[in-house]
Amino acid sequence: MLTYKKYNCSYCFQENFVQIELSYCSELVELIEDCTVCCNPNSITYNIEDNQVTMFEIEKTY
Ligand SMILES: [Zn+2]
């Protein structure tokens, strides 16, 4: 199951959406998404439990 989560870019603070796969079971997922506005890479970490996003963090990518 796929869903989209809204987040604010760590660089320009504009709204972006990241696609999330909810079928992962209690798995920490780390990925890098380029902001659609400023093209800087945001590091996204999230955790899925019981098809719910239980943790969601955005950081600058160094
Ligand atoms: Zn940005």
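**Strand pairing in a predicted all-strand chain**

L31 stands opposite I44 in β4. This pair offers a way into the predicted model described here. The setting is an open sheet of 3 strands, ordered β3-β4-β5. Pairing in this sheet is antiparallel. Its edge strands are β3, residues 27-34, and β5, residues 52-60. Each of these edge strands pairs on one side only. From one strand to the next, the twist averages 20°.

The chain as a whole contains 5 strands and 0 helices. Read from the N terminus, its elements run β-β-β-β-β. Along the principal axes, the C-alpha atoms fill a box of roughly 35 × 20 × 15 Å. The radius of gyration is 11 Å. This agrees with the value near 11 Å for a compact globule, because the chain has 62 residues. Of these 62 residues, 10% count as buried. Contacts were also considered by sequence separation. Among those between residues at least 6 apart in sequence, 32% join residues at least 24 apart.

The first junction of the open sheet joins β3 to β4. Strand β4 covers residues 41-49 and pairs with β3 in the antiparallel sense. The pairing extends over 8 bridges. One bridge sets E30 against T45 in β4. The hairpin of β3 and β4 has 6 residues between the strands. In this hairpin, C39 takes a positive phi near 70°.

Strand β4 also pairs with β5. Here too the sense is antiparallel, over 8 bridges. Y46 stands opposite F56 in β5. The hairpin of β4 and β5 has 2 residues between the strands. D50 takes a positive phi near 50° in this hairpin.

The side chains of β4 alternate between two faces. N42, I44, Y46 and I48 point to one face and are buried. P41, S43, T45, N47 and E49 point to the other and are not buried. The cross-strand partners can be read against this pattern. I44, which faces L31, belongs to the buried set. So does Y46, the residue opposite F56. T45, the bridge partner of E30, is on the face that is not buried.

The N-terminal part of the chain holds another pairing. Strand β1 spans residues 2-8, and strand β2 spans residues 15-21. These two strands pair in the antiparallel sense over 7 bridges. T3 stands opposite I20 in β2. Between the strands of this hairpin lie 6 residues. Among them, F13 takes a positive phi near 65°.

S10 is found in the loop between β1 and β2. This residue has 17 C-beta neighbours inside 10 Å. S10 therefore counts as partly exposed, since burial requires 20 or more such neighbours and exposure 12 or fewer. Its contacts beyond four places in sequence are with N42, I58, E59 and K60. N42 is one of the buried residues of β4. I58, E59 and K60 fall within β5, residues 52-60. S10 in the β1-β2 loop is thus in contact with residues of the open sheet. The separation from E21 contrasts with these contacts. S10 and E21 are 11 residues apart in sequence. In space, their C-alpha atoms are 22 Å apart.

Conventions: Residues are numbered from 1 along each chain as its sequence is written. This is a predicted model: local features need pLDDT of at least 70, side-chain atom pairs count only at pLDDT 80 or more; totals for chains, interfaces and linings use all residues. Two strands pair if DSSP finds at least two bridges between them. Helices (H or I, at least four residues) and strands (E, at least two) are DSSP runs, numbered from the N terminus. Axes are lines fitted to C-alpha atoms, for helices over the stretch in contact, and angles run from 0 to 180 degrees between N-to-C directions. Two residues are in contact if their C-beta atoms, placed from the backbone, lie within 7 Å. The radius of gyration is taken over C-alpha atoms; the globule rule is 2.2 Å times the number of residues to the power 0.38.
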